[in-house]
Amino acid sequence: MPKVKTNSGAKKRFVLTGSGKIKRKHAFKRHILTKKTTKQKRALTHMGLVAACDVAEVKALLAMK
């Protein structure tokens, strides 16, 4: 059976932590920032974790089991 290719978009967007969790960035931090509050923008700065229901799908895109 051939090797499974890693999805190019996924490998740029997700990072694997040492404990095996998958980190992601928050959306809504790219443009139209003038109408968002400073508190809202600051909260979007921090990395988040992929939800438990989406982990299997992201691992498939990253060619992990």
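Leaving aside its neighbours within four places in sequence, Leu 62 touches Thr 6, Ala 10, Lys 11 and Phe 14, where contact means heavy atoms within 4.5 Å. The model is a predicted one, in which local features need pLDDT of at least 70 and side-chain atom pairs count only at pLDDT 80 or more, while totals for chains, interfaces and linings use all residues. Residues are numbered from 1 along each chain as its sequence is written, and side-chain values use heavy atoms, with hydrogens and water left out.

Leu 62 also belongs to the largest nonpolar core, which has five residues: Ala 10, Ile 22, Val 50, Val 58 and Leu 62. Such a core is a set of buried Ala, Val, Leu, Ile, Met, Phe, Trp, Tyr and Cys residues joined through side-chain atoms within 4.5 Å. In soluble globular proteins, nonpolar side chains tend to be buried together. Buried residues make up 12% of the 65 residues in the chain, where buried means under 20% relative accessible area, exposed means over 50%, and partly exposed lies in between, with a 1.4 Å probe and protein chains only.

The chain as a whole has three helices and three strands, and along the sequence they follow the pattern α-β-β-α-β-α. Helices (H or I, at least four residues) and strands (E, at least two) are DSSP runs, numbered from the N terminus. The radius of gyration of the chain is 15 Å, whereas a compact globule of 65 residues would have one near 11 Å; the radius is taken over C-alpha atoms, and the globule rule is 2.2 Å times the number of residues to the power 0.38. Along the principal axes, the C-alpha atoms fill a box of roughly 50 × 25 × 20 Å. Among contacts between residues at least 6 apart in sequence, 51% join residues at least 24 apart.

The table places four residues, each of which is discussed further below.

| Residue | Location | Relative accessibility |
|---|---|---|
| Thr 17 | loop between strand S1 (15-16) and strand S2 (22-24) | 22%, partly exposed |
| Lys 29 | loop between S2 and H2 | 31%, partly exposed |
| Ile 32 | loop between S2 and helix H2 (38-45) | 45%, partly exposed |
| Ala 63 | segment after helix H3 (55-61) | 35%, partly exposed |

Most residues other than glycine have a negative phi, and most peptide bonds are trans. Ile 32, however, has a positive phi near 55°, and Ala 63, which is not a glycine either, has a positive phi of about 60°.

Thr 17 and Ala 52 are 35 residues apart in sequence, and their C-alpha atoms are 15 Å apart in space. For Lys 29 and Ala 51, which are 22 residues apart along the chain, the C-alpha separation is 19 Å. Apart from its neighbours within four places in sequence, Lys 29 is in contact with Lys 41, Leu 44 and Thr 45.

Lys 29, Leu 44 and Thr 45 are also among the residues that line the largest pocket, together with others including Arg 13, Phe 14 and His 26. By class, this lining has four nonpolar, two polar and five charged residues, and the volume of the pocket is about 260 Å³. On a 1 Å grid over the protein atoms alone, a pocket is an open set of points where a 1.4 Å probe fits, with protein on both sides within 12 Å along at least five of seven lines, and lining residues have an atom within 4 Å of a point.

Technical notes:
Points joined across faces, edges and corners; volume = space filled by probe spheres on them. Nonpolar A, V, L, I, M, F, W, Y, C, P; charged D, E, K, R; others polar.
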